[in-house]
Amino acid sequence: MRKAGILNRHLAGALAELGHGDGVLVCDAGMPIPDGPRVVDLTFRAGVPSFAEVLEGLLDELVVEGATAASEVRRANPAASALLDGHFPGLTLVPHEKLKELSARARLVVRTGEARPYANVLLRCGVFF
């Protein structure tokens with residue numbers, strides 16, 4: 001058994017399979033999940049676990065070379081917007097409909113219990129060297 005890091009076996013296993021350029025969608029409870037990507041659903045109750053908690057945990061484990069979010073996050077969810085800006089100075093913003101299209105190409109979707117709108121980000125995996 002692991003003693004630190006991500007303990008959820010489904011999520012830890014899915015992360016171990018990721019490679020350079022793979023997409024990981026971290027999404028709120030309301031984001032439509034496309035057919036195709038592997039899904040690890042962490043939702044327990046509305047708001048649990050939060051988008052911020054899951055994103056922070058994933059960033060401790062992954063090398064991320066880019067991130068894309070919905071432009072609507074700026075006005076509809078200032079807390080998520082600030083969180084994303086703090087982690088991704090080069091954050092790419094696209095309309096929410098475009099983010100949903102892009103998410104269909106993700107390798108992994110991690111669904112949180114977040115109940116605030118537009119708390120979604122598509123991460124692009126990098127390499128550690």
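This note goes through a predicted model point by point, from helix H5 to the surface.

1. Helix H5 and its buried face. Helix H5 covers residues 96–103, and its buried residues are His96, Leu99, Leu102 and Ser103. Seen down the axis of H5, these buried residues fall within an arc of 115 degrees, so they line one face of the helix. Glu97 and Glu101, on the other side of H5, are exposed.

2. What lies over that face. The cover on the buried residues of H5 includes four strands: E1 (23–27), E3 (64–70), E4 (92–94) and E6. Strand E6 itself runs over residues 121–125. The next two points take two of the buried residues in turn.

3. Leu99. This residue sits in helix H5 and has a relative accessibility of 0%, so it counts as buried. Apart from neighbours within four places in sequence, Leu99 is in contact with Met31, Thr68, Ala69, Ala70, Val94, Asn120 and Leu122. Of these partners, Thr68, Ala69 and Ala70 belong to strand E3 (64–70), and Val94 belongs to strand E4 (92–94). Pro117 is 18 residues from Leu99 in sequence, and the two C-alpha atoms are 14 Å apart in space.

4. Ser103. Ser103 is also in helix H5. Its relative accessible area is 1%, under the 20% limit for a buried residue. Beyond the neighbours within four places in sequence, the contacts of Ser103 are Leu25, Met31, Pro34, Pro37 and Leu122. Leu25 falls in strand E1 (23–27), and Leu122 falls in strand E6 (121–125). Met31 and Leu122 appear both in this list and among the contacts of Leu99.

5. Salt bridges, and the pair Glu61–Arg2. A search of the whole structure gives nine salt bridges. In one of them, the side chains of Glu61 and Arg2 meet at 3.8 Å, N to O. Glu61 is in helix H2 and Arg2 in the segment before helix H1 (9–16), so the pair ties together parts that are 59 residues apart in sequence. Both ends are partly exposed: Glu61 has a relative accessible area of 34%, and Arg2 has 42%.

6. The pair Glu17–Arg38. A salt bridge joins the side chains of Glu17 and Arg38, with an N to O distance of 2.9 Å. Glu17 belongs to the loop between H1 and E1 and Arg38 to strand E2, so this pair ties together parts 21 residues apart in sequence. Glu17 is partly exposed, with a relative accessible area of 45%, and Arg38 is partly exposed at 35%.

7. The pair Arg124–Glu65. The side chains of Arg124 and Glu65 form a salt bridge at 3.1 Å, N to O. This pair links distant parts of the chain, with Arg124 in strand E6 and Glu65 in strand E3, 59 residues apart. Strands E3 and E6 are also among the elements that cover the buried residues of H5. Arg124 counts as partly exposed at 38% relative accessibility, as does Glu65, with a relative accessible area of 42%.

8. Backbone at Pro49. The peptide bond from Val48 to Pro49 is cis, and its omega is near -10 degrees. Pro49 lies in the loop between strand E2 (38–41) and helix H2 (51–61). Elsewhere in these two elements, Arg38 of E2 and Glu61 of H2 are the salt-bridge residues described above.

9. Backbone at Tyr118. Tyr118 is a residue other than glycine with a positive phi, near 60 degrees. Tyr118 is found in the loop between strand E5 (108–111) and E6. Its relative accessibility is 23%, so Tyr118 counts as partly exposed, a class that begins where buried (under 20%) ends.

10. A nonpolar patch on the surface. Val63, Val127, Phe128 and Phe129 together form a nonpolar surface patch with about 480 Å² of accessible area. One of its members, Phe128, lies in the segment after strand E6. Phe128 is exposed because its relative accessible area, 75%, is over the 50% limit.

Definitions and conventions:
Residues numbered from 1 in each chain as written. Predicted model: local features only at pLDDT ≥ 70, side-chain atom pairs only at ≥ 80, totals over all residues. Heavy atoms only, no water. Patch = residues over 30% accessible without salt bridge, like charges linked within 9 Å, V, L, I, M, F, W, Y side chains within 5 Å. Areas by Shrake-Rupley, 256 points an atom, 1.4 Å probe, with all protein chains shown as cover. Salt bridge = Lys/Arg side-chain N within 4 Å of Asp/Glu carboxyl O. Buried < 20%, exposed > 50% of the residue type's maximum accessible area, 1.4 Å probe, protein only. Arc of directions from axis to C-beta. Contact = heavy atoms within 4.5 Å.
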